[in-house]
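Let's take a walk through this model together. We'll begin where the chains meet and then stop at a few spots inside one of them.

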Amino acid sequence: MTKEITITLNGEKQSLEVEPRLLLVHLIRENLNQTGTHIGCDTSSCGACTILVDGKSIKSCTMLAIQADGKEIITVEGLATTEGLHPIQEGFKENHGLHCGFCTPGMMMRAVELLENNPNPTEEEIRWGISGNLCRCTGYNNIVKAIQYAGAKIRGDELPSTEPEFV
Amino acid sequence: MIKCDTPKEIGGMGHSMKRKEDDRFIQGKGNYVDDIKLPGMLYMDIVRSPYAYAKIKKINTDAAMAIDGVVAVVDGKALEQYNLHWMPTLMSDTQMVLPTDTVMYQAQEVCAVIATSRYAARDGKEAVIVEYEPMKPLMDPYKALNDDAPLLRPDKEGKTDNHIWNWKAGDKEKTDKVFEEADVTVKEQMHIPRIHVASIETCGCVADYDKVNNHLTMYMTTQAPHAIRTVIALVAGHVGLTEEKIRVISPDIGGGFGGKVPVYPGYVIAIAVSFLVGKPVKWIEDRSENLQADSFARDYHITAEMAATKEGKILATRFKILADHGYTDASANPSKFPTGLYSIGTGSYDYGASYMEADAVYTNKPPGGVAYRCSFRVTEAVHAIERITDRLALEIGKDPAQLRMENFIKKEDFPWKSPTGWEYDSGDYHAGLQKAMDAVGYDELRKEQAEKRAKGELMGIGISTFTEIVGAGPSKDFDILGIKMFDSAEIRVHPTGKAIARFGTKSQGQGHETTYAQIIAQELGIPMEHIQVEEGDTDTAPYGLGTYASRSTPTAGAAAAVAARKLRDKAKKIAAYLLEVSEEDLEWEPGKFFVKGAPEKSKTIQELVFAAYTNHPQGMEAGFETTHYYDPPNLTFPSGAYICVVDIDKETGQIDVRRFVAIDDCGNIINPMIVQGQVHGGLTQGIAPAMYESLIYDDDGNILNGTFMDYLVPTAVESPSWETGHTVTPSPHHPIGAKGVGESPTVGAPPAIANAIVDAMSHLGVTHMEIPITPFKVWKTLKEKGAI
């Protein structure tokens, strides 16, 4: 048994026949071959699969594809525009906010919504804001810096230094 | 400031160059193993044992085979027909690929379901019915040695008990004598718990066997692609899969930390199935399988002792270890020492006697013994020595920083011979600790602590001044299945002066594409952005032993520098020819050779490379490429001085890591941004076992925290804002004076945190706390000591 759904993925509207039990993350990765969204756990704990559904960050391993019917989805592949990288992507690169890169797409998608709601978050607000996303490599210091940098860029403020404080 | 010999446009050593690999990762264009999709690919899922110890009575696959899309169910008996049901471990033990009669730990692979889709494979897995006859598992490593313990490995000929090996290092007689005569001796029993690397990407593979050409392409999450190729050839050579017919491709890896060194049964089953059906087979484990069945780390029970004079001169250490290896000895430990590098971990202190003895046993737990971001068991050693040093400070009433300062090996005493026979290459431990004390404001903190204690508040300051030991080889002490632990670099510079460099190592996030390019840029003067680094393909890269134990910079980084210097020598010959001078008349500055005293007469490296293809001297071999295999003469010895400050809430036992200052010395620095990033990450993987992580089993062998719901990987909230800095003591034997850094913080941080927490409660009579130190443990201890 399948059901027809229509979604907009990174600006492209498409209709698909899907099994009702198909997870949204599998729809995106396997049916639509957008593999930037990753899977890191089976308990909705790690956040590697975080995407934006109608502007809200959700863990796509915990949503069925049919629940996304009629919705607008943005994944990491949809962040950059013809103008260039999204500020959050630039923030991660400039501040060494990633090592292996596996948690990075989910972490960035979460940060996009965080900054949308709170364009100038404190360090503590950032740390709590990304506490549903696990990173095993970076120790989070530079992820915090990356999000602060992106916030400044979005606000049009002077950009903070990206030099390492390794003195 | 870190010294740079090259301008930023060249981007050699010391520049915080942004990472070359990031562009693909931030745009979702990384290529991890689960992203690989091949035509006709089948999916594999694995049925696992709910019991820790049981006989398999029957495997009924009828319902599974009836499911649409299920192609086959493979069990141990099926693999036995091809003699593929067993495999060797790195420690010359044996491990089941799939069992034929008995399961030995919970979550062990029982059989594999192959299907045309991921969902059908999972449906098939749920439909397989296995009948077991459960037995009482052996979970306590101490009980494993009892006479009445069940014999867990009757498959091993002549084996009459559960004892795996006994190993000793150091001088027992001398050490015992020092202990007998010493003014002061201290002793603590400690357990370094079983933990899991839990890289955010789990393990997996796509095995693609091409029947027509008898060729296997194995895409897999491996930290050591070449070693895996050799292992596959050794395991499957008898069915015709010989080494030239195997290509191992390690695509982007989502974190390794040692967990992606071993060969897991899933890889072998996928290869066997692809071999039998002639189609690509994908196996990707889920998180719970990863936590429950893949290699653990640590699990050492240690009795640590230290002897000293009453003034606090350290005289000797003694360690007794019981190692719980689970059902087979599958440590990822490519050294000739059964305890890996435990014996090297006698610390940063100048004393002459040490003895250690270790016994390993079998239990009904998963096998393993991987590093979890450290160099083969050095974390266990460092924890014991840094904890027992603090214990001594407490015993004689001396400040732990002062005690360390008085006992450090002096920088002029390097190279320094350790009491267990190792030679530390270089270090300046006094400078590191002083810098950390200044940064944290140590004296003021001690004053604040005294004031708080007077008010009944709990605050602690913990120090760890550790020496790490990384960079395996040298080949006299390290090998994998006899293959010596050198590493390699191949540099090919194209006629237009742009290069590709290939390595036998494999980054899992360390940033090799950037740092190796910087080493070559430093030596050859070619801008790092013009140097493409490639790893992880055994068909193209020179043979290497892979990335773990912080060995990439000490080995492959050295190989890159030496290979680049060989090419620079060739460039010099060409320059002498083109400029019509002798080689002695030439001088080098990054990017060009010029004539001494006539700097206007010069040739850039790009011009010289072009000439190597277009106008090379008669008799000289054309082209501009070379390969170097580097066998390190010694290990490298990075060090660190870490200070942790904690505040403890008496009512709840809640521990707040207020500050954590880490001063690392990894020798010369290739990229400060990346070194600092590695330190941050290592520190979070240090606080993890100190306060949050451990794999817990009940007496029936059930794992109690086998998912991310209850295995507590620190989030950004638990992870403090790390304060980092460095000192530079170059390695005297490494071509660029570097030492490696990725793992130091994970090795050094846990005892700093434990020492801080114990320090907060030491006035109440607390001398030791077992990690992970949870609020409940603290609260219970405070209750026991009558503090609340």
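Start at the boundary: chain A and chain B bury about 5,100 Å² between them, with carbon and sulfur atoms giving 55% of that area. Three residues stand out on the chain A side, since A:K93, A:R136 and A:F166 supply 19% of the area that chain A buries against chain B, more than any other three residues. Keep in mind as you look around that this is a predicted model.

In terms of contacts, 54 residues of chain A touch 68 residues of chain B. Plenty of polar pairing goes on here too: 31 residue pairs are in polar contact across the interface, both partners at pLDDT 80 or more. Where on chain A does the contacting side come from? At least two residues each are supplied by α1 (24–31), α2 (87–94), α3 (104–117), α4 (123–129) and α5 (141–155) of chain A. Of the side of chain A that touches chain B, α2(A) gives the largest share, four residues. Sort the residues on that side by character and you get 24 nonpolar, 19 polar and eleven charged.

Charged partners meet across the boundary as well, and the count between chain A and chain B is six salt bridges. If you'd like to see a salt bridge up close, go to A:E30 and B:R118, whose side chains meet at 2.4 Å, N to O.

Now step into chain B and find helix α7, residues 265–277. Does its length fit what a helix should be, and what span should its 13 residues cover? At 1.5 Å a residue the helix should span 18 Å, and its end C-alpha atoms are indeed 18 Å apart, so the two agree. Is α7(B) mostly covered or mostly open? Mostly covered: eleven of its 13 residues are buried. The buried stretch includes B:P265, B:G266 and B:Y267 as well as B:V273, B:S274 and B:F275. Just past the helix, B:G278 takes a positive phi of about 70°.

A little further along is B:S295, in the loop between α8 (287–293) and β15 (300–308) of chain B. Loop or not, B:S295 counts as buried because its relative accessibility is 4%, below the 20% cut-off. What is B:S295 in contact with, leaving aside its neighbours within four places in sequence? The list is B:H196, B:P262, B:Y264, B:P367, B:G368, B:G369 and B:V370.

Next, look for B:D487 in strand β23 (residues 487–493) of chain B. With a relative accessibility of 0%, B:D487 counts as buried. Its side chain has a partner, though: a polar contact of 2.5 Å joins B:D487 to the side chain of B:R551.

The last stop is B:D698, in the loop between α16 (672–692) and β32 (723–726) of chain B. Here the relative accessibility is 24%, so B:D698 counts as partly exposed. Leaving aside neighbours within four places in sequence, B:D698 is in contact with B:M139 and B:L704. The C-alpha atoms of B:D698 and B:D140 are separated by 10.0 Å, and these two residues are 558 residues apart along the chain. Closer to home in sequence, a polar atom of the B:D698 side chain lies 2.9 Å from the backbone nitrogen of B:D700.

Definitions and conventions. Residues numbered from 1 in each chain as written. Chains lettered and ligands numbered in written order. Heavy atoms only, no water. Contact = heavy atoms within 4.5 Å. Buried area = accessible area lost by both parts, 1.4 Å probe. Salt bridge = Lys/Arg side-chain N within 4 Å of Asp/Glu carboxyl O. Polar contact = N/O pair within 3.5 Å; in protein donor to acceptor, adjacent residues only side chain to side chain. Nonpolar A, V, L, I, M, F, W, Y, C, P; charged D, E, K, R; others polar. Expected span 1.5 Å × (residues − 1). Buried < 20%, exposed > 50% of the residue type's maximum accessible area, 1.4 Å probe, protein only.
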